[in-house]
Amino acid sequence: MAFQNYKPWLGLTGSEWVGLDNFRYLFEREDSLQVIWNTLIIAVFKLMFNLGVPFVFSILLNELRKMVFKRFVQTLVYLPHFLSWVILGGILIDILSTDGGIVNRALGVVGIEPIFFLGNGDWFRFTVVVSDIWKEFGFGTVVFLAALANINPTLYEAAEVDGASRFKQTLHITIPSIIPIAIVVGTLALGNVLNAGFDQIFNLYNSLVYEKGDIIDTFVYRTAILNGEMGFGTAVGLFKSVISMILILISYRLAYKWANYRIF
Amino acid sequence: MYHKTLSYRIFNVFNICLMLIIALLCIIPLVHVLAVSFSSKAAADGNLVGLWPIDFTLESYKKTMNNPIFLHSIWVSIKRTVIGTGLTLVLAFLAAYPLSKENSAFKGRNIYSWLFVFTMIFSGGLVPFYMVIQKIGLMDSFWVLVLPGAVNVYLTILLLNFFRGVPKELEEAALIDGAGHFRVMFSIYLPVSLPAIATLALFSMVTQWNSWFDGLLYLNNAKDYPLATFLQTVIIQRDMSSMSISPKEMELISTKTVKSAQIFIGALPILVVYPFLQKYFASGLVVGSVKE
């Protein structure tokens, strides 16, 4: 289908073969290039922050010594991960609205003009990245916290005897101990460079921000399913799938090489 | 001891405050929605509601519960969650057992494993998938919500890795005593892995309950929608054209308080199973899968 000028009423056998035309079209159409660029930029920001924020957060969380309080914080920060983007999208649209949404009301208190979070292209990207971090950072700490719990306590005791401050201990013991796991997580995330989050964007975007907020997956949905450009939609989807698969295979290989990680 | 130095104490106070603020930021939006859902329509429309209901009323929940489409969508969601989870677990269990064996015991294990993993890392894309569903006649059927995702490769791999951690001696002893593989599978691996399976069940339930896109894509009649899809249509798209309902009814489900009530009801089952989920995932299974 990706190589056809597909017409549903002609079917797979009846439609005209057009070779690589759909793919050429993909790189000639201005909107599809913009979509690829949007996808990359949103995804890369998400990857960076979704690695960095949990990393720092888990170290800080680990410093809490009251177990009850630690549990309490964990319980709250993990929660958004389990709610779907439909629920969160509904909540975000409500609290971010310029018409008296709670966020703009809070900004108004400190004298900031209402911001059109979901209606302005640049702010939309910002909102997408921040809300994704908000949803996922808590769950991202699970892996790091497990690694932190596995650090041999005698290391800290030795450092203590040698008179190292807590900050020095963090710098020279804690961080080096969880760097390897961070590398594994980061490498495995590489496969998502073309996944900017369909669920999230689909539930937050609107025609005002198509230019800067449209990503490959939403673009495919609209061109193929809503506009009926089946052949072209398939080509874009296939393009994405192939690149993603290559990236995933590379990242698995790298994770295996650097950290001896295997999925099964 | 570093705990007693002044600079560490300052850091500690600062850290506790920071953690508290971040943790509250994670929950405040949900509290706000809850507050709106219990407030009167006037207060909600006037944007007066913060984190506590104003003019407490159950009106919006009554309206929501009187909407037959909403109630039916809950029923569809429950059905898909129960059937989907059951099917996923059975299939994951049956697939994980042979795949967890060594190459010598199960020839071609790697090939089979890659067949599973391949589906996880490569997909033909949205359109071909859509066409397949159309061609095999699953469009507009309840089963389209359950069957395409019945084999969950990710959960299968988690279970597979768990099986690998089960001591080999158990199985060997049983095999020597004359048990077959089915016997080993059901009498040894099943009871041993029950906690793991319970965890997978919870994760699978959350996934099923939250799925909305399949309903939107493959079901044309809004009366068949599961709750997540229903919410997506009503709250996000604000599109009620596919539901063939009167303007009066439309007003009924689109006011701010009712929307909030619907959102909260949609999140409620997750909030209910959440404590159980947390107990399990922290303790190992998910973490175990990502360990070096």
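The UniProt record, an unreviewed entry, lists six stretches of chain B under "transmembrane region": residues 12–35, 81–99, 111–130, 142–163, 184–206 and 260–277. What you have in front of you is a predicted model, and you can look up two of these stretches in it. Take residues 81–99 of chain B: the span is 100% helix and 0% strand, and its end C-alpha atoms lie 26 Å apart. Now move along to residues 260–277 of chain B, where the chain is again 100% helix and 0% strand. Here the end C-alpha atoms are 25 Å apart.

Next, let's see how chain B is divided. Domain 1 covers residues 2–57 and domain 2 covers residues 61–290. How many residues bring the two domains of chain B into contact? Domain 1 puts in 12 residues, and domain 2 puts in nine. Together the two domains of chain B bury about 910 Å², with 75% of that area coming from carbon and sulfur atoms. Three residues are worth finding on the domain 1 side: L30(B), S37(B) and K41(B) supply 44% of the area that domain 1 buries against domain 2, more than any other three residues.

Which kinds of pairing link these two domains of chain B? There are zero salt bridges between them, and one residue pair is in polar contact, with both residues at pLDDT 80 or more. On the domain 1 side, α1 and α2 (41–45) of chain B each supply at least two of the residues that touch domain 2. The largest share, five residues, comes from α1(B). Sorted by class, this side of domain 1 of chain B has six nonpolar, four polar and two charged residues.

Now step back and look at both chains. Where chain B meets chain A, 75 residues of chain B and 68 residues of chain A take part in the contact. The area buried between the chains is about 6,200 Å², and carbon and sulfur atoms give 75% of it. Helix α1 (residues 6–37) of chain B, which you met at the domain boundary, gives the most to the side of chain B that touches chain A, with 18 residues. That side of chain B has 51 nonpolar, 18 polar and six charged residues. Between chain B and chain A there are eight residue pairs in polar contact, both residues being at pLDDT 80 or more, but zero salt bridges.

Where, then, can you find a salt bridge? Side chains of opposite charge can pair when their charged atoms come close. The structure holds seven salt bridges over all chains. One to look for is the pair R166(A) and E63(A), whose side chains meet at 2.9 Å, N to O. R166(A) sits in helix α9 (residues 166–189) of chain A, while E63(A) is in the loop between α3 (30–62) and α4 (67–82) of chain A. These residues are 103 residues apart, and the pair links distant parts of the chain.

Terms used: Residues numbered from 1 in each chain as written. Chains lettered and ligands numbered in written order. Predicted model: local features only at pLDDT ≥ 70, side-chain atom pairs only at ≥ 80, totals over all residues. Heavy atoms only, no water. Contact = heavy atoms within 4.5 Å. Buried area = accessible area lost by both parts, 1.4 Å probe. Salt bridge = Lys/Arg side-chain N within 4 Å of Asp/Glu carboxyl O. Polar contact = N/O pair within 3.5 Å; in protein donor to acceptor, adjacent residues only side chain to side chain. Helix = DSSP H or I, 4+ residues; strand = E, 2+ residues; numbered from the N terminus. Nonpolar A, V, L, I, M, F, W, Y, C, P; charged D, E, K, R; others polar. UniProt positions renumbered as here; feature names shortened; annotations may be inferred. Domains from an automatic or database assignment.
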